[in-house]
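Here are my notes for your read-through. Please keep the structure open beside them.

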Amino acid sequence: MADDASTNPGLLRTQAYINGNWVDAVSGETFNVDNPANGDLIAELAYCGTDETTAAIEAAEAAQPAWAAKTPKERAKYLRDLFNIMMENQQELARILTLEQGKPLAEAMGEIAYGANYIEWFSEEAKRIYGEVLTQPTGEKRVMTIRQPVGVAALITPWNFPNAMLTRKIAPALAAGCTVVCKPASETPLSALAIAELCDRVGIPPGVVNIVVGNTREIGAELTSNPIVKKLSFTGSTGIGKMLTEQCASTLKRLSMELGGNAPFIIFEDADLDLAVKGVMASKFRNAGQTCVCTNRIMVHESVKDAFVEKLLVATNALRVGNGLDDGVDLGPLVSAKAKKTVDEFVDDAVAKGAKVHEGPATPNGACYSKPLVLTEATRDMRVFSEEIFGPVAPVFTFKTDEEAIQMANDTEFGLASYFYSKDVSRCWKVAEALEYGMVGINEGIISNEMAPFGGVKESGQGREGSHHGLDDYLEIKSLTFGAI
Ligand code: SIN
């Protein structure tokens with residue numbers, strides 16, 4: 001293990017967590033998890049596949065009736081204890097996260113708190129799973145509904161938020177009475193295994209939470225085809241989401257899909273430009289541009305474009321890029337050299353089609369470091385208009401009318417996050433209603449929190465995470481019709 005990985009060994013787990021036990025792959029094979037900041041090996045992990053996944057699913061099935069039979073208050077207490085222990089271990093969890101993912105330590109600390117907030121929120125919501133008494137269809141009948149857990153849920157999570165994307169799924173699942181089998185991204189499995197360790201420490205019963213790591217194709221195939229699994233929740237790209245949806249078709253699983261985005265950030269002529277720059281900096285450069293709600297297309301009214309770009313360049317050039325463990329760093333490396341190459345290709349395409357690149361801040365030379373850049377003179381034929389950049393590149397487009405801005409914003413198959421800045425209340429309502437997106441930030445660049453429903457429309461997915469709606473994805477509605485009243 002590399003020197004900078006010398007962390008609390010108790011939280012740095014390298015085996016799968018199945019039925020309350022830490023287990024190696026049946027084959028004895030392992031895979032490496034590296035630090036994107038310097039390529040150092042952090043740890044070798046069990047390379048699990050079909051057999052271990054089947055075992056995890058069967059453990060989750062065996063544990064589910066007893067877990068669902070616990071009172072809501074009992075489940076709430078386990079989740080509250082998990083929240084507490086996560087926050088007690090915030091520093092260690094953040095350090096593991098930065099090592100494997102690259103984001104600055106301060107941002108990783110923020111992610112642990114953000115992730116823990118979902119646990120806290122759903123520990124409270126666990127006690128609020130209500131049914132209904134409905135209008136009676138005839139004098140002799142009465143209809144009621146109850147809501148029951150879906151059953152065993154498979155959770156597949158991405159590398160950009162290795163902690164929070166998992167807690168956002170585990171928490172509502174457990175609150176609802178489901179048990180889970182989780183497959184974290186192979187780039188960042190250590191944060192997920194650390195959560196399993198904490199679940200173990202607070203005494204969550206064996207089989208309720210299971211985590212398998214290793215062969216993505218085999219694990220994914222088993223999770224999507226095994227009939228015991230009743231639900232799949234996935235966060236990741238639209239392409240993989242569609243593939244998993246097809247794989248789930250034969251057993252018709254319930255699906256929650258939190259997929260790609262192409263967020264517009266519209267700055268109207270009456271916007272507070274300083275506030276708008278603050279919003280762009282937060283929503284564009286958070287996690288070095290690697291979030292599915294990151295601003296992808298900045299659209300500025302032509303009358304304020306020059307003033308806005310001047311301010312944006314000052315803010316962008318003040319960013320500090322480096323190893324996430326170093327003090328004062330705003331942006332770490334991208335998750336992999338491949339990710340950096342993809343971002344470079346977006347810039348090359350834009351430049352070939354006439355975009356102007358503005359010099360960004362000094363950036364280390366490592367294979368995964370991507371320089372934060374502003375591109376002006378951006379046009380609709382460029383890839384940055386239609387595809388998710390997932391990196392620290394900020395293309396600036398212009399528009400003349402509100403109608404044009406809305407049309408440009410909606411001209412995409414994606415519909416996750418969108419943002420706009422204006423001081424006109426009437427315009428705010430009209431634009432918010434016209435944007436074909438699941439989430440709209442109005443004079444605000446950070447829209448994710450445990451109280452707000454998170455999710456998209458169009459090809460950005462289905463279902464909602466967080467908020468009181470987040471429980472619905474893990475519950476079935478059953479109607480009870482009483483006759484002979
Ligand atoms: C994501 O990128 O998938 C989630 C981002 C967030 O929770 O804000």
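The points below cover pockets, cavities, one helix, the cysteines and a few single residues.

1. Status of the model. This is a predicted model. Please read every value below as computed from that prediction.

2. The largest pocket. Its volume is about 1300 Å³. The lining of this pocket counts 41 residues. Nearest the centre lie Trp-159, Phe-234, Gly-236, Ser-237 and Ile-240. Start with those five residues if you want to find the pocket on screen.

3. Where that lining comes from. Four elements each give at least two residues to the largest pocket: α7 (216-225), β10 (229-235), α8 (238-248) and α11 (337-352). Helix α8 has the largest share, with six residues. By class, the lining has 18 nonpolar, 14 polar and nine charged residues.

4. Two residues of α11. Asp-349 and Glu-345 both deserve a look. Asp-349 lies in helix α11. Its relative accessibility is 15%, so Asp-349 counts as buried, the cut-off being under 20%. Outside its neighbours within four places in sequence, Asp-349 is in contact with Met-382 and Arg-383. Glu-345 also lies in helix α11. Glu-345 has a relative accessible area of 34%, so this residue is partly exposed. The C-alpha atoms of Glu-345 and Ile-389 are separated by 9.7 Å, and the two residues are 44 residues apart along the chain.

5. The second largest pocket. Its volume is about 210 Å³. Among the residues that line this pocket are Asn-32, Val-33 and Asp-34. The lining also includes Glu-100, Ser-186, Glu-187, Val-335, Ser-336 and Cys-368. Strand β3 (residues 30-34) makes the largest contribution, three residues. The classes here are four nonpolar, five polar and three charged.

6. Helix α3: length. How far apart are the end C-alpha atoms of helix α3 (residues 90-101)? They are 16 Å apart. The expected span for the 12 residues, at 1.5 Å a residue, is also 16 Å, so the two values agree. Just after α3, Gly-102 takes a positive phi of about 105 degrees.

7. Helix α3: surroundings. Nine of the 12 residues of α3 are buried, so the helix is largely enclosed by the rest of the structure. The buried residues include Leu-93, Ala-94, Ile-96, Leu-97 and Leu-99. Gln-90, Thr-98, Glu-100 and Gln-101 are buried as well. The buried residues of α3 pack against two strands, β3 and β4 (41-46). They also pack against the helices α2 (72-88), α4 (105-125) and α6 (189-201). Note that Glu-100 is buried in α3 and also lines the second largest pocket.

8. Cysteines. The structure holds zero disulfides. Why does Cys-178 have no such bond? The closest cysteine sulfur, in Cys-182, is 12 Å from the sulfur of Cys-178, which is too far for a bond. The cut-off for a disulfide is 2.5 Å between sulfur atoms. Cys-178 has 0% relative accessibility, so this residue counts as buried. Cys-292 is buried too, with a relative accessible area of 13%.

9. Cavities. How many cavities of 30 Å³ or more does a search of the whole structure find? The search finds four. The largest cavity holds about 70 Å³ of space. Its lining has 13 residues. Phe-161, Met-165, Arg-168, Cys-292 and Phe-454 lie nearest the centre of this cavity. The lining divides into six nonpolar, four polar and three charged residues. Cys-292 therefore appears twice in these notes: as a buried cysteine and as one of the residues nearest the centre of the largest cavity.

10. Gly-466. This glycine sits in the loop between β19 (461-462) and β20 (475-482). Is Gly-466 buried or exposed? At 0% relative accessibility, Gly-466 counts as buried. Its contacts, leaving aside neighbours within four places in sequence, are Tyr-118, Phe-122, Arg-168, Glu-450, Ala-452 and Pro-453. Arg-168 is 298 residues apart from Gly-466 along the chain, with 6.5 Å between their C-alpha atoms. Arg-168 is also one of the residues nearest the centre of the largest cavity.

Key:
Residues are numbered from 1 along each chain as its sequence is written. This is a predicted model: local features need pLDDT of at least 70, side-chain atom pairs count only at pLDDT 80 or more; totals for chains, interfaces and linings use all residues. Side-chain values use heavy atoms; hydrogens and water are left out. On a 1 Å grid over the protein atoms alone, a cavity is a set of points where a 1.4 Å probe fits but cannot get out, and a pocket is an open set with protein on both sides within 12 Å along at least five of seven lines; lining residues have an atom within 4 Å of a point. Grid points are joined across faces, edges and corners, and a volume is the space filled by probe spheres set on the points. Ala, Val, Leu, Ile, Met, Phe, Trp, Tyr, Cys and Pro count as nonpolar, Asp, Glu, Lys and Arg as charged, and the others, Gly among them, as polar. The expected span of a helix is 1.5 Å times one less than its number of residues. Buried means under 20% relative accessible area, exposed over 50%, partly exposed in between (1.4 Å probe, protein chains only). Contact means heavy atoms within 4.5 Å.
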